[in-house]
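The following account leads the reader through one protein chain, from its overall architecture to its internal spaces and then to selected residues. It is best read with the sequence and the model side by side.

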Amino acid sequence: MNAAEAQFNGVVLLYGYLQRLFVYGKIKSLVGTKPEELKLERLSSHLDAASAVFGNFDRQNGLTKIQKQQMLDALQTAEELMPLTLNVPKEPRLEDQLAVAGAALYAEEYINNGLLHFGKLFNPQVEDRFRQHIPYFQNRVNSINYFVEKVENQKSLAFSETKQLTSWYKDVLGNASHISDDFQQIHQYLHA
């Protein structure tokens, strides 16, 4: 992987985490709970900067100095805010499970889409592999959207829906220990 490819990979992972934070706050708001202090306005500006990088990425030279600094600033924000999304009570409420699991599912879809774009820029085989994953991620996101909509409209989840949500929630918490490794990897990619 050359430097430009590594930097693009870093932006993809970072964008996934920024989206995860943003979606977490949005879900919390939709289901009637107060989101933690996520500084959504800062997230929006970081998401805009990352989107601009995606749209104008230089395949030959990678990130400009300004883009790299913007991405490092966004990474610092993500590192600062991510722990707030995982600080859940021992007996989490349904709303907490929706926000934690839903945010992670959205992030996975955004990362898959980013890697698909990586393939378009750098490697058609990568594009093909990640294109095959689109239905899987879309199905999960559609499910969480449906769950959130039901709770937002004060309807109960069916037993099978609650079981699925609990499974996703436990997976997210089980993988939480890898987040610091991801941030370290993003840092390395951005500095390639």
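**Overall architecture**

Read along the sequence, the chain of this predicted model follows the pattern α-α-α-α-α-α-α-α. It has 8 helices and 0 strands. The radius of gyration of the chain is 17 Å, close to the 16 Å that the globule rule gives for 192 residues, so the chain is as compact as a globular protein of that length. Along its principal axes, the C-alpha trace spans about 50 × 35 × 25 Å.

Burial, contacts and surface add to this picture. Of the 192 residues in the chain, 48% are buried. Among contacts with a separation of 6 or more, 78% are accounted for by residues 24 or more positions apart. The accessible surface of the chain comes to about 10,100 Å², and 48% of this surface belongs to carbon and sulfur atoms.

**Pocket and cavity**

The largest pocket has a volume of about 390 Å³. It is lined by 18 residues, of which Tyr17, Arg20, Glu108, Asn175 and Asp182 are the closest to its centre. The elements that give two or more residues to this lining are H1, H4, H7 and helix H8 (179–190). Which of these elements supplies the largest share of the lining? The largest share comes from H4, with 5 residues. By residue class, the lining of the largest pocket divides into 10 nonpolar, 3 polar and 5 charged residues.

The model also contains an enclosed space: the count comes to 1 cavity of 30 Å³ or more. The space in the largest cavity is about 30 Å³. Its lining is formed by Arg20, Tyr24, Thr85, Leu86, Val100 and Ala103. The elements that give two or more residues to this lining are helix H1 (3–30), helix H3 (65–86) and helix H4 (94–122). The lining of the largest cavity comprises 4 nonpolar residues, 1 polar residue and 1 charged residue. Arg20 therefore appears in two settings, as a lining residue of the largest cavity and as one of the pocket residues closest to the pocket centre.

**Residues in helices H4 and H5**

Asp96 is placed in helix H4. Is this residue buried or exposed? Asp96 is buried, because its relative accessible area is 6%, below the 20% under which a residue counts as buried. Not counting residues up to four places away in sequence, Asp96 touches Lys28, Val88, Pro89 and Tyr169.

Helix H5 (residues 124–131) contains Arg131, and Val126 also lies in helix H5. Val126 counts as buried at 11% relative accessibility, whereas Arg131 counts as partly exposed at 38%. Leaving aside neighbours within four places in sequence, Val126 is in contact with Leu115, Phe118 and Gly119. With residues up to four places away likewise not counted, Arg131 touches Leu116 and Lys120.

Two C-alpha to C-alpha separations place these residues within the chain. Val126 and Gly25 are 101 residues apart in sequence and 32 Å apart in space. Arg131 and Leu157 are 26 residues apart in sequence and 31 Å apart in space.

**Residues in loops**

Gly62 is found in the loop between helix H2 (40–55) and H3. With a relative accessible area of 4%, Gly62 is buried. Its contacts, leaving aside neighbours within four places in sequence, are with Ala4, Gln7, Phe57 and Gln67. Gly62 and Ser44 are 18 residues apart in sequence, and their C-alpha atoms are 23 Å apart in space.

A second loop residue is Gln154, in the loop between helix H6 (134–152) and helix H7 (159–175). What is the accessibility class of Gln154? At 77% relative accessibility, Gln154 counts as exposed, since the class of exposed residues begins over 50%. The backbone of Gln154 also deserves attention. Most residues other than glycine have a negative phi. In Gln154, phi is near 60 degrees, a positive value in a residue other than glycine.

Technical notes
Residues are numbered from 1 along each chain as its sequence is written. This is a predicted model: local features need pLDDT of at least 70, side-chain atom pairs count only at pLDDT 80 or more; totals for chains, interfaces and linings use all residues. Side-chain values use heavy atoms; hydrogens and water are left out. On a 1 Å grid over the protein atoms alone, a cavity is a set of points where a 1.4 Å probe fits but cannot get out, and a pocket is an open set with protein on both sides within 12 Å along at least five of seven lines; lining residues have an atom within 4 Å of a point. Grid points are joined across faces, edges and corners, and a volume is the space filled by probe spheres set on the points. Helices (H or I, at least four residues) and strands (E, at least two) are DSSP runs, numbered from the N terminus. Ala, Val, Leu, Ile, Met, Phe, Trp, Tyr, Cys and Pro count as nonpolar, Asp, Glu, Lys and Arg as charged, and the others, Gly among them, as polar. Buried means under 20% relative accessible area, exposed over 50%, partly exposed in between (1.4 Å probe, protein chains only). The radius of gyration is taken over C-alpha atoms; the globule rule is 2.2 Å times the number of residues to the power 0.38. Contact means heavy atoms within 4.5 Å. Accessible areas come from the Shrake-Rupley method with a 1.4 Å probe; for residues, only the protein chains shown count as cover.
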